[in-house]
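Q: I'd like a close look at one part of this model, with the overall picture first. Could you walk me through it?

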Amino acid sequence: MICCACKPLAATSEAVAADAKHSVGAQVSESEPVLSAVSPRTSTMVLRKARADEKLGIDLTELSLTVVRIRPGLVQAWNDAHPDSQVMPGDCIVSVNGVRGDPAAVMNLLVSTEGELVLIIARSD
């Protein structure tokens, strides 16, 4: 599944799993999502993790860091508190705390960071 606002920049040498869906916390091994010629709407989401192991509650695709499903966790709490700027399936995570271009590094930040997470999210209209 690839978000229509994102496309892979370059593949890594690691093989992409056949399932292509991973919960936050799993390793990813593909390219950075980048914005295409279609100008998607972007938004910033700031989450605070009290503990590094606190769950975000999102499932992401491997190839484009696209949100597949929202589960109970910090993202659902954000959605409940911000009905006008909810994260939805199909949204792409473009960067986390300024890191982009390395899905494994972005995933590592999502999983292991304690404290503030600043996510840039892209949504195609």
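What does the accessible surface of the protein come to, and what share of it belongs to carbon and sulfur atoms? After that, please zoom in on the open three-stranded sheet.

A: The accessible surface is about 6500 Å², with 54% of it belonging to carbon and sulfur atoms (Shrake-Rupley method, 1.4 Å probe; for residues, only the protein chains shown count as cover). Keep in mind that this is a predicted model, where local features need pLDDT of at least 70, side-chain atom pairs count only at pLDDT 80 or more, and totals for chains, interfaces and linings use all residues. Residues are numbered from 1 along each chain as its sequence is written, and side-chain values use heavy atoms, leaving out hydrogens and water.

The protein has two helices and eight strands (DSSP runs numbered from the N terminus: H or I of at least four residues for helices, E of at least two for strands).

Now the sheet: its order is β4-β8-β7, paired antiparallel (pairing takes at least two DSSP bridges between two strands). β4 (41-49) and β7 (92-96) are the edge strands with a single partner each, so one side of each has no neighbour in the sheet. On average, neighbouring strands are turned by 30° against each other, direction ignored (axes are lines fitted to C-alpha atoms, for helices over the stretch in contact; angles run from 0 to 180 degrees between N-to-C directions).

Four bridges hook β7 up with β8 (residues 115-123); S95 has I120 in β8 as its bridge partner. Helix α2 (residues 103-112) packs on the sheet, touching β4, β7 and β8, and its direction makes about 80° with that of β7 (contact means heavy atoms within 4.5 Å).
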